[in-house]
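Work through the exercises below with the model open. Each task is followed by a stepwise solution.

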Amino acid sequence: MTVDLPSRPRRSALYMPASNAKAVEKARTLDADVIILDLEDAVAPEAKPAAREAAVAAVQAGGFGAREVVIRVNGLDTPWGAEDLAAAAEAGPDAVLVPKVNDAADVRLYDQRLHAAPPATRLWIMIETAKAAFHLWEIGEAAHGTRLSAWVMGVNDFAKEMRARQTPDRAPFLPLLTLSVAAARAHGLTILDGVHNDIEDLAALEAVCVQGVDFGFDGKTLIHPKHLEICNRVFSPSPEDIVWSRAVIAAFNAPENSGKGALRVDGKMAERLHLAQAERLVAVVEVIAARG
């Protein structure tokens with residue numbers, strides 16, 4: 001399994017159609033942690049071959065700075081999937097995002113198709129089918145021995161399969177979201193929440209971002225740059241959490257507390273598990289600060 005960077009912020013992952021040269025160029029300047037060059041939903045069928053070439057060229061040209069660059073390919077069950085995967089493997093982005101993974105066999109198949117990619121290129125997958133909902137554990141378990149390092153929730157496709165309504169509180173999808181986070185965490189995977197469809201309703205966006213943080217998501221996928229500020233802010237550690245984390249680290253590092261498994265810090269109980277969480281949070285904060 002490819003070793004991931006636990007302190008790498010992935011608060012915001014912005015889909016950009018690879019077929020739109022201006023959008024791709026703009027992506028190099030946006031305050032997104034992840035840029036997803038999309039060959040799938042955002043690209044019309046007749047434009048997919050040209051979009052594939054454009055995505056490869058963009059990755060090879062670089063200029064994205066500290067942003068992770070991911071290519072979302074079409075599925076292997078489409079006329080474009082095999083060529084997309086071969087081209088993405090050759091381009092060597094930070095990750096290749098594949099759609100509609102149903103089970104562990106799908107993970108292994110996509111992993112095999114990326115055999116020619118550089119070792120650092122990771123496999124990200126979309127969790128967006130009804131079948132996947134019943135195979136979350138085994139899909140996560142497939143990370144061991146493959147490039148799999150992240151899940152991305154595809155709530156729109158999941159809603160379509162369920163024939164469910166997308167309500168503001170996302171009530172029909174709460175079991176899937178909760179179990180997906182649990183399965184991802186059990187296998188050490190990054191997990192990103194699905195997109196917010198209403199571009200103009202920023203209050204609703206903030207509400208679902210807060211909900212995503214409450215669930216434990218690392219960040220959120222987005223469809224418009226105007227969503228970046230809210231997403232980055234909400235998914236960044238709060239000032240209170242930063243202060244608490246630094247206090248926990250300082251307490252456990254104090255010579256008089258050497259070897260202790262639990263401490264009282266600012267009136268709260270802190271155990272070694274809280275130390276690990278605090279160290280990760282501070283590492284993320286430092287990476288964010290270094291980006292300016």
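**Exercise 1. Strand E5**

Determine how far strand E5 is covered, and on which sides.

Step 1. Strand E5 spans residues 122-127, and 6 of its 6 residues are buried. Buried means under 20% relative accessible area, exposed over 50%, and partly exposed in between, with a 1.4 Å probe and protein chains only. Strands (E, at least two residues) and helices (H or I, at least four) are DSSP runs, numbered from the N terminus.

Step 2. Split the side chains by direction. Arg122, Trp124 and Met126 point one way from E5, while Leu123, Ile125 and Ile127 point the other way, and all are buried.

Step 3. Find the pairing. Strand E4 (residues 95-98) runs parallel to E5, with 4 bridges between them. Two strands count as paired if DSSP finds at least two bridges between them. Arginine 122 in E5 is the residue opposite alanine 95.

Before going on, note the ground rules. This is a predicted model, in which local features need pLDDT of at least 70 and side-chain atom pairs count only at pLDDT 80 or more, while totals for chains, interfaces and linings use all residues. Residues are numbered from 1 along each chain as its sequence is written, and side-chain values use heavy atoms, with hydrogens and water left out.

**Exercise 2. Alanine 150**

Place alanine 150 in the fold and list its contacts from outside its sequence neighbourhood.

Step 1. Alanine 150 sits in strand E6 (residues 148-153).

Step 2. Check accessibility. The relative accessible area of alanine 150 is 1%, so this residue is buried.

Step 3. Compare sequence and space. Tryptophan 124 is 26 residues from alanine 150 in sequence, yet their C-alpha atoms are 4.8 Å apart.

Step 4. List contacts (heavy atoms within 4.5 Å). Neighbours within four places aside, alanine 150 meets Leu123, Trp124, Ile125, Leu189 and Thr190.

**Exercise 3. Strands E2 and E3**

Trace the pairing around leucine 37, then test the cover of E2 and E3.

Step 1. Start with E2. Strand E2 is largely enclosed by the rest of the structure, because 5 of its 5 residues are buried. Val34, Ile36 and Asp38 lie on one side, Ile35 and Leu37 on the other.

Step 2. Repeat for E3. Here too, 5 of 5 residues are buried. One face holds Glu68, Val70 and Arg72; the other holds Val69 and Ile71.

Step 3. Count bridges. E2 and E3 run parallel and are joined by 5 bridges. Strand E1 (residues 12-17) also runs parallel to E2, through 5 bridges.

Step 4. Locate the partners of leucine 37. Isoleucine 71 in E3 stands opposite leucine 37, and methionine 16 has leucine 37 as its bridge partner in E2.

**Exercise 4. Nonpolar cores**

Which residues have the most contacts inside the largest nonpolar core?

Step 1. Apply the definition: a nonpolar core is a set of buried Ala, Val, Leu, Ile, Met, Phe, Trp, Tyr and Cys residues joined through side-chain atoms within 4.5 Å.

Step 2. The largest core has 66 residues, and Leu37, Val98, Ile125 and Trp151 have the most contacts inside it.

Step 3. A second, separate core has 12 residues, among them Ala95, Met126, Ala150 and Val152.

Step 4. Return to leucine 37. Beyond four places in sequence, its contacts include Met16, Val24, Ala55, Ala58, Val59 and Ile71.

**Exercise 5. Helix H2**

Find the buried side of H2 and what covers that side.

Step 1. Helix H2 (residues 48-61) has 14 residues and reaches 20 Å between its end C-alpha atoms, close to the expected 20 Å. The expected span is 1.5 Å times one less than the number of residues.

Step 2. Its buried residues are Lys48, Ala51, Arg52, Ala55, Val56, Ala58 and Val59. They lie on the same side of H2 because they cover an arc of only 160 degrees around the axis. That arc is taken from the directions from the helix axis to the C-beta atoms.

Step 3. Ala50, Glu53, Gln60 and Ala61 are exposed, on the face turned away from the buried side.

Step 4. The cover of the buried residues includes helix H1 (21-27), strand E2 (34-38), strand E3 (68-72) and helix H3 (81-91).

Step 5. Glycine 62 follows H2, with a positive phi near 70 degrees.
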